[in-house]
Amino acid sequence: MNRLVRSVAFLAVLLAPLGFGRLAGQGVTTAAVTGRITDEAGAAVPQVELTLILATTGERRVTRSREDGMYSFENVTVGSSYTLSARAIGFEPKVSDQFALALGQRFTLDLTLKRSAVELAAVVVSTNADPLRSASRTGAQTLVSDSAVRRLPTLNRAFTDFVSTSPQVVRTPGGGNSINGQNDRFNNVQIDGGSNNDLFNLGATNGVPGGSVNARPLSLESVREFQIQIAPFDVRQGQFTGGLVNAVTKSGTNDVHGSAFGYMQNQNFVGKDTAGIRVPVADYQQQQYGFSLGGPIVKDKLHFFVSGDFRHDVRPFATAIQCSGACTPADTAGIGITGA
């Protein structure tokens, strides 16, 4: 009996990584690189050894071109400093210029190799990328890059605030995001391929868990980039009738980097309304602060990244009581809202 139990436990340990691999593969969290390798005459060059390298982390991927000269790298990590090198017998080695891969992008990169037995003048290869004709673009979408996340202003430091940068998104009075004219409950928010939705409809805004208390699904410091997709014709995307917010998080690199922030709001920062009248506001205080830190553990092999986001919010309870006439400071003392 003990031998049977040990055998079952051993099989469970062996099969566990397979199950986790399938779970991690849900959704689109990567990019791809494809292209064709040819010689000077335009003929396909098979069996070329191709190495894709991400300079910031040292990540390497190796493959060979097929008989028709085509090659492909699938499930590639999103990054901004990739190079592709090609080596083949009878040809000079070649290394491409640095290029970036965005979330969900299928980047096309063709290389032309020179035969090593013949000396030729330098060959200049120039290409023009047209995102509207990209094979990976299957519907209306907006990409918010890592630089945009750093530069765009935000009041609450919530990455869902940047969803409104898409022209198909309308901000609802309740603070949600209506995509393609649908209720925000019909959207699907994914983080690293996993859904992060308010399944029980308990939150007041945004359609994410903890929305009723202004909780954040993750710190803005840990967001690398994300997409807002309206109607992708991709079998890997689904579970929404409004729009898809697809985000990926940061990872460590070979360089140590970090950040820190702190913000504070209170009643002293509240000015006049649109009519030029200063409306009395009850005392409140909101503080938000956090940090991020990433770097190498083993260079080119193992990295770390951590972030924290803390929020302290003190404000009076809201009330439905309204003044019969013009409100005075005495009427609104200790009341969270005022009215007339």
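Biologist: Let's start with two aromatics: are tyrosine 82 and phenylalanine 99 buried or exposed?

Modeller: Both tyrosine 82 and phenylalanine 99 are buried. Buried means under 20% relative accessible area, exposed means over 50%, and partly exposed is in between (1.4 Å probe, protein chains only). Phenylalanine 99 has 8% relative accessibility, so it counts as buried. Before we go on: this is a predicted model, so local features need pLDDT of at least 70 and side-chain atom pairs count only at pLDDT 80 or more, while totals for chains, interfaces and linings use all residues. Residues are numbered from 1 along each chain as its sequence is written, and side-chain values use heavy atoms, with hydrogens and water left out.

Biologist: How many aromatic pairs does the structure hold?

Modeller: Five. Rings of Phe, Tyr and Trp (its six-membered ring) pair if their centres lie within 6.5 Å; planes under 30 degrees apart are stacked, over 60 edge-to-face, the rest tilted. One of the five pairs joins tyrosine 82 and phenylalanine 99, stacked at 6.1 Å centre to centre with 20° between the planes. That pair links distant parts of the chain, with tyrosine 82 in strand S5 (residues 79-87) and phenylalanine 99 in strand S7 (residues 99-101), 17 residues apart. Strands here are DSSP E runs of at least two residues, helices are H or I runs of at least four, and both are numbered from the N terminus. Phenylalanine 99 also stacks with phenylalanine 107, because their ring centres are 4.7 Å apart and their planes are at 0°. Phenylalanine 107 is buried too, at 19% relative accessibility. Through these ring pairs, Tyr82, Phe99 and Phe107 become a cluster.

Biologist: Which charge lies over the face of phenylalanine 261?

Modeller: The criterion takes NZ of Lys or CZ of Arg within 6 Å of the ring centre and within 35 degrees of the ring normal. Here arginine 157 fits, at 3.7 Å from the ring centre of phenylalanine 261.

Biologist: And how many salt bridges turn up in the whole structure?

Modeller: A search finds nine, each a side-chain nitrogen of Lys or Arg within 4 Å of a carboxyl oxygen of Asp or Glu. Take aspartate 39 and arginine 115, whose closest N and O atoms are 3.3 Å apart. Aspartate 39 is in the loop between strand S1 (31-38) and strand S2 (49-54), and arginine 115 is in the loop between strand S9 (111-112) and strand S10 (141-144), so the bridge ties together parts 76 residues apart in sequence. Aspartate 39 is buried at 7% relative accessible area, whereas arginine 115 is partly exposed at 39%.

Biologist: Where do glutamate 74 and arginine 106 come in?

Modeller: Their side chains meet in a salt bridge too, 2.6 Å from N to O. Glutamate 74 is in strand S4 (residues 70-76) and arginine 106 in strand S8 (residues 106-108), 32 residues apart. Both count as partly exposed, glutamate 74 at 37% and arginine 106 at 32%.

Biologist: Why is strand S16 largely enclosed by the rest of the structure?

Modeller: Because five of the six residues of S16 (residues 244-249) are buried. For strand pairing, look for at least two DSSP bridges between the strands. S13 (residues 188-191) runs parallel to S16, with four bridges, among them valine 189 to valine 245. S15 (residues 223-229) pairs with S16 in the antiparallel sense over six bridges, including glutamine 227 to asparagine 246. Overall, the protein chain has two helices and 19 strands, and 34% of its 340 residues are buried.
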